[in-house]
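Hello,

Here is the structure I promised to hand over. Have a look at it first, and then read on for what turned up.

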Amino acid sequence: MQAMDTVQLIALASALGWASGVRLYLAVLLTGLAGFMGWIQLPQGLHLLANPVVLGASGFMVFVEFFADKIPGLDSLWDVVHTLIRIPAGAALAAGVFGADSGAMALVAALMGGTLAATSHAAKATTRAAINTSPEPFSNVGASLLEDGLVPAGLWLALAHPVVFVVVLVLVLILSVWLIRTCWRFLSQLFARVARIFSGKPDTGPAPAFTLKSPFSKND
């Protein structure tokens with residue numbers, strides 16, 4: 001087992017920042033477990049993740065989040081609460097990759113990790129909120145299971161193929177920005193309609209794509 005090179009460290013810091021915005025506890029558990037089992041040599045700043053107490057706590061939270069994230073409505077509430085947790089945690093984990101080696105790199109990694117965590121969290125939260133407007137629960141569960149699989153896949157790719165991971169991460173970030181814009185526009189229109197209904201104003205609903213006029217209309 002050899003120490004990670006610079007490219008792997010950068011990829012790991014990016015992966016931890018991004019994954020923290022999606023599945024913080026799963027990212028902590030998998031990283032700590034990999035170090036505890038000797039699969040990888042964790043940087044000095046991440047050795048705490050391999051502590052049995054941290055592994056037990058993160059494992060318990062993974063169990064709780066697995067079910068909470070698959071209940072429509074509760075998943076969005078869970079995302080709101082974790083807005084104040086995922087972003088700083090992503091910054092801290094990314095900084096921990098370089099924390100024991102370089103103060104400057106740790107600061108850069110913290111800024112990068114926090115930004116990636118904020119982007120992935122915003123994409124997740126807005127997308128899941130938009131999905132929750134559908135009455136059926138299957139799309140919600142499907143999206144949650146997809147997130148469960150993306151985090152370990154992303155962490156593995158960052159360590160096994162760091163250059164490929166960076167390219168994939170750029171594409172994921174572009175998709176995330178598009179999802180945030182699209183879902184936020186949809187949610188804003190939905191909230192506006194709800195507010196209009198509760199204020200007593202008539203709700204005309206979405207404009208129809210086509211209209212048919214009677215051939216006997218006087219205006220025709």
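A word on naming before we start: helices are DSSP runs of H or I with at least four residues, and they are numbered from the N terminus. Please also keep in mind that this is a predicted model.

With that in place, let's begin with Val-166, which sits in helix H7, the run covering residues 162–198. Is Val-166 buried, exposed or partly exposed? Its relative accessible area is 38%, so Val-166 is partly exposed. Val-7 is 159 residues away from Val-166 in sequence, yet the two C-alpha atoms are 9.7 Å apart in space.

Next, Arg-23. You will find this residue in helix H1, which spans residues 6–36. Its relative accessibility is 2%, and because buried means under 20%, Arg-23 counts as buried. What does Arg-23 touch, leaving aside residues up to four places away in sequence? The list has Glu-65, Asp-69, Lys-70, Lys-124, Ser-144, Glu-147, Asp-148 and Val-151. With one of these, Ser-144, the side chain of Arg-23 makes a polar contact of 3.1 Å.

Now to how some of the helices pack. Two packed helices are described by the angle between their axes and the distance between the axes.

Take helix H3 (residues 74–81) and helix H5 (residues 103–131). Their axes lie 9 Å apart, at an angle of about 155°. Angles over 145 degrees count as roughly antiparallel, so that is how H3 and H5 run relative to each other. Their crossing is left-handed. On the H3 side, the residues in contact are Asp-75, Ser-76 and Asp-79, while H5 brings His-121, Lys-124, Ala-125, Arg-128 and Ala-129. By class, this contact has four charged, two polar and two nonpolar residues.

H3 also packs with helix H2, which is made up of residues 52–68. Here the angle is about 135°, and the axes are 9 Å apart. H2 is therefore oblique to H3. Which residues meet there? From H2 come Met-61, Val-64, Glu-65 and Ala-68, and from H3 come Leu-74, Asp-75 and Trp-78. Five residues of the contact between H2 and H3 are nonpolar and two are charged, with no polar ones.

If you would like a place to start looking, try Asp-75: this H3 residue meets H5, and Asp-75 is also listed in the contact of H3 with H2. Glu-65 is another good one to click on, since Glu-65 in H2 takes part in the contact with H3 and is also touched by Arg-23.

Happy exploring!

Methods:
Residues numbered from 1 in each chain as written. Predicted model: local features only at pLDDT ≥ 70, side-chain atom pairs only at ≥ 80, totals over all residues. Heavy atoms only, no water. Axes fitted to C-alpha atoms, helices over the stretch in contact; angles between N-to-C directions. Helix = DSSP H or I, 4+ residues; strand = E, 2+ residues; numbered from the N terminus. Parallel < 35°, antiparallel > 145°, perpendicular 65-115°, else oblique. Left-handed = near helix turned anticlockwise from the far one by under 90°. Contact = heavy atoms within 4.5 Å. Nonpolar A, V, L, I, M, F, W, Y, C, P; charged D, E, K, R; others polar. Buried < 20%, exposed > 50% of the residue type's maximum accessible area, 1.4 Å probe, protein only. Polar contact = N/O pair within 3.5 Å; in protein donor to acceptor, adjacent residues only side chain to side chain.
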